Amino acid sequence: MKRQVTTLSQFIIERQADFPYAKGELSRLLLDIGIAAKVVNREVNKAGLVDILGEAGNINIQGEQVKKLDVFANEQFIIALGSGGETCAVASEENEDLVPIETLVSKNAKYLVCIDPLDGSSNIDVNVSIGTIFSIYRRKSEESTSILSEFLQKGTQQVAAGYVIYGSSTMLVYTTGKGVNGFTLDPSIGEFCLSHPDIKTPETGNIYSVNEGNYMHLTEGVKAYLRWCKESDKDTKRPYTARYIGSLVADFHRNLLKGGIYIYPATVTAPNGKLRLLYECNPLAWIAEQAGGQASDGRNRILDIKPESLHQRTPLFIGSPEMVTMAVEFNLKNQ
Ligand code: AHG
Ligand code: MN
Ligand code: MN
């Protein structure tokens with residue numbers, strides 16, 4: 001029997017009643033992100049042809065300037081968000097300052113978007129999974145003079161968050177606070193189709209994901225936890241398996257489905273870690289929690305951090321709840 005397929009567009013419209021505010025606008029914004037994701041996906045799939053089409057910064061055979069994929073992705077998302085008219089400004093990893101959307105339609109726009117347009121950029125050239133991460137906030141007041149201060153809301157205030165993974169297949173996963181749903185792009189029809197409804201992460205798992213090359217620079221707590229991960233214990237299925245792609249989206253996605261923990265800790269040289277709160281940690285933290293997982297900075301819940309700047313960094317411990325609890329315990333005990 002043929003199964004009925006639900007597309008991303010159908011799903012968003014069907015669930016629109018769940019949104020607390022500006023329902024139609026949020027639906028359109030999510031759909032715009034889905035469209036930009038398809039455009040970026042098309043370019044990601046061509047990335048291996050760079051030798052034929054020309055290196056970034058060069059002129060390709062059509063005589064066009066070839067853009068770096070992260071710059072291209074940034075432009076595509078900003079264009080899509082701008083033309084939709086629901087977004088009044090964007091905070092992007094690729095732009096030091098806020099990008100105001102100055103089209104007429106955006107004058108009364110009700111939403112703010114934070115985005116990492118291309119995550120895992122060191123993997124672009126080697127055909128390894130990369131991603132996009134986004135987070136959407138409601139604009140508090142249309143008269144507000146300081147849009148910047150509106151971006152500095154806690155992660156608990158997000159109204160939608162998600163990521164796209166450009167992997168062996170392309171998926172879009174998002175939440176609006178009523179669980180997490182995943183959609184796989186069917187290239188033959190060019191639609192994201194519901195493939196992973198109501199994702200729940202396992203309570204525990206046996207995967208740990210951390211860049212252990214930094215071991216010498218880690219805090220005593222994280223070092224102790226990593227040693228514990230490698231010990232033998234049947235009950236807790238240790239030693240755990242080490243898996244680290246170097247694309248947060250891809251590492252997070254695998255651990256979300258299989259059970260595991262991803263850590264980007266503080267190091268001696270980078271006391272706030274590497275990852276950015278607004279457009280990497282907050283959106284994934286909310287998705288993790290909505291799927292039954294946890295996200296911490298090693299002490300406190302990520303979503304409770306009050307941001308002070310757009311590109312603020314934070315350590316991140318994220319994944320299966322039992323594993324995050326244990327890692328945070330080690331971190332706190334061994335200061
Ligand atoms: P981006 O490509 O957006 O700058 O993010 C890279 C991030 C993240 O995706 C990844 O998990 C982490 O950097 C890897 O860092 P290390 O190479 O230091 O492990
Ligand atoms: Mn990133
Ligand atoms: Mn990036």
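From which domains does the shell around ligand 1 draw at least three residues each? In this predicted model, the shell draws that number from both domain 1 (8-196) and domain 2 (207-333). The legends below begin with this ligand and continue with the metal ions and selected backbone features.

**Figure 1. The shell around ligand 1 comprises 16 residues.** Asp119, Ser121, Tyr244, Tyr262 and Tyr264 are the residues that come nearest to the ligand. Sorted by class, the shell contains 6 nonpolar, 5 polar and 5 charged residues. At least two shell residues are supplied by strand E3 (111-119), and at least two by strand E11 (261-264). The largest share, 3 residues, comes from E3. Domain 1 (8-196) and domain 2 (207-333) each contribute at least three residues to this shell.

**Figure 2. Side chains of Glu93, Asp116 and Lys274 approach oxygen atoms of ligand 1.** For Glu93, an N or O atom of the side chain is 3.0 Å from an oxygen atom of the ligand. A polar side-chain atom of Asp116 likewise lies 3.0 Å from a ligand oxygen atom. In the case of Lys274, the separation between a polar side-chain atom and an oxygen atom of ligand 1 is 2.9 Å. On its own, ligand 1 has 470 Å² of accessible area, of which the protein covers 82%.

**Figure 3. Glu93, Asp116 and Leu118 are the protein donors of the manganese ion (ligand 3).** The donor atoms are OE of Glu93, OD of Asp116 and O of Leu118, and they lie 2.0 to 2.3 Å from the ion. Along the chain, these donors follow the spacing E-x22-D-x1-L. Asp116 and Leu118 are both buried. Two of the donor residues also appear in Figure 2: the side chain of Glu93 has an N or O atom 3.0 Å from an oxygen atom of ligand 1, and that of Asp116 has a polar atom 3.0 Å from an oxygen atom of ligand 1.

**Figure 4. Asp116, Asp119 and Glu280 are the protein donors of the manganese ion (ligand 2).** Asp116 and Asp119 donate through OD and Glu280 through OE, with the donors lying 1.8 to 2.2 Å from the ion. The spacing of the donor residues in sequence is D-x2-D-x160-E. Asp119 in strand E3 and Glu280 in helix H8 (residues 277-290) link distant parts of the chain, being 161 residues apart. Asp119 counts as buried because its relative accessibility is 5%, under the 20% limit. Glu280 also counts as buried, because its relative accessibility is 5%. Asp119 is, in addition, among the residues that come nearest to ligand 1.

**Figure 5. Asp116 bridges the two manganese ions, ligand 2 and ligand 3.** The ions are 3.8 Å apart, and Asp116 coordinates both. Asp116 is buried, and one of its polar side-chain atoms lies 3.0 Å from an oxygen atom of ligand 1.

**Figure 6. Helix H8 is mostly covered.** Of its 14 residues, 13 are buried. Glu280, a donor of the manganese ion (ligand 2), lies in this helix. Gly292 follows H8 and has a positive phi, near 95 degrees.

**Figure 7. Val113 lies in strand E3.** With a relative accessibility of 0%, Val113 counts as buried. Its C-alpha atom is separated by 8.3 Å from that of Ser92, a residue 21 positions away along the chain. Strand E3 also supplies the largest share of the shell around ligand 1, 3 residues.

**Figure 8. A cis peptide bond joins Arg238 and Pro239.** The omega angle of this bond is about 10 degrees. Pro239 is found in the loop between helix H6 (220-230) and strand E10 (241-242).

**Figure 9. Ala22 and Asn127 are non-glycine residues with positive phi.** Phi is near 40 degrees for Ala22 and about 60 degrees for Asn127. Ala22 lies in the loop between helix H1 (8-14) and helix H2 (23-45), while Asn127 lies in the loop between E3 and strand E4 (130-138). Ala22 counts as buried because its relative accessibility is 16%, whereas Asn127, at 76%, counts as exposed.

Methods. Residues numbered from 1 in each chain as written. Chains lettered and ligands numbered in written order. Predicted model: local features only at pLDDT ≥ 70, side-chain atom pairs only at ≥ 80, totals over all residues. Heavy atoms only, no water. Near = heavy atom within 4 Å. Polar contact = N/O pair within 3.5 Å; in protein donor to acceptor, adjacent residues only side chain to side chain. Areas by Shrake-Rupley, 256 points an atom, 1.4 Å probe, with all protein chains shown as cover. Helix = DSSP H or I, 4+ residues; strand = E, 2+ residues; numbered from the N terminus. Nonpolar A, V, L, I, M, F, W, Y, C, P; charged D, E, K, R; others polar. Domains from an automatic or database assignment. Donors = N, O, S within 2.8 Å, 3.2 Å for Na, K, Ca; no water. Buried < 20%, exposed > 50% of the residue type's maximum accessible area, 1.4 Å probe, protein only.
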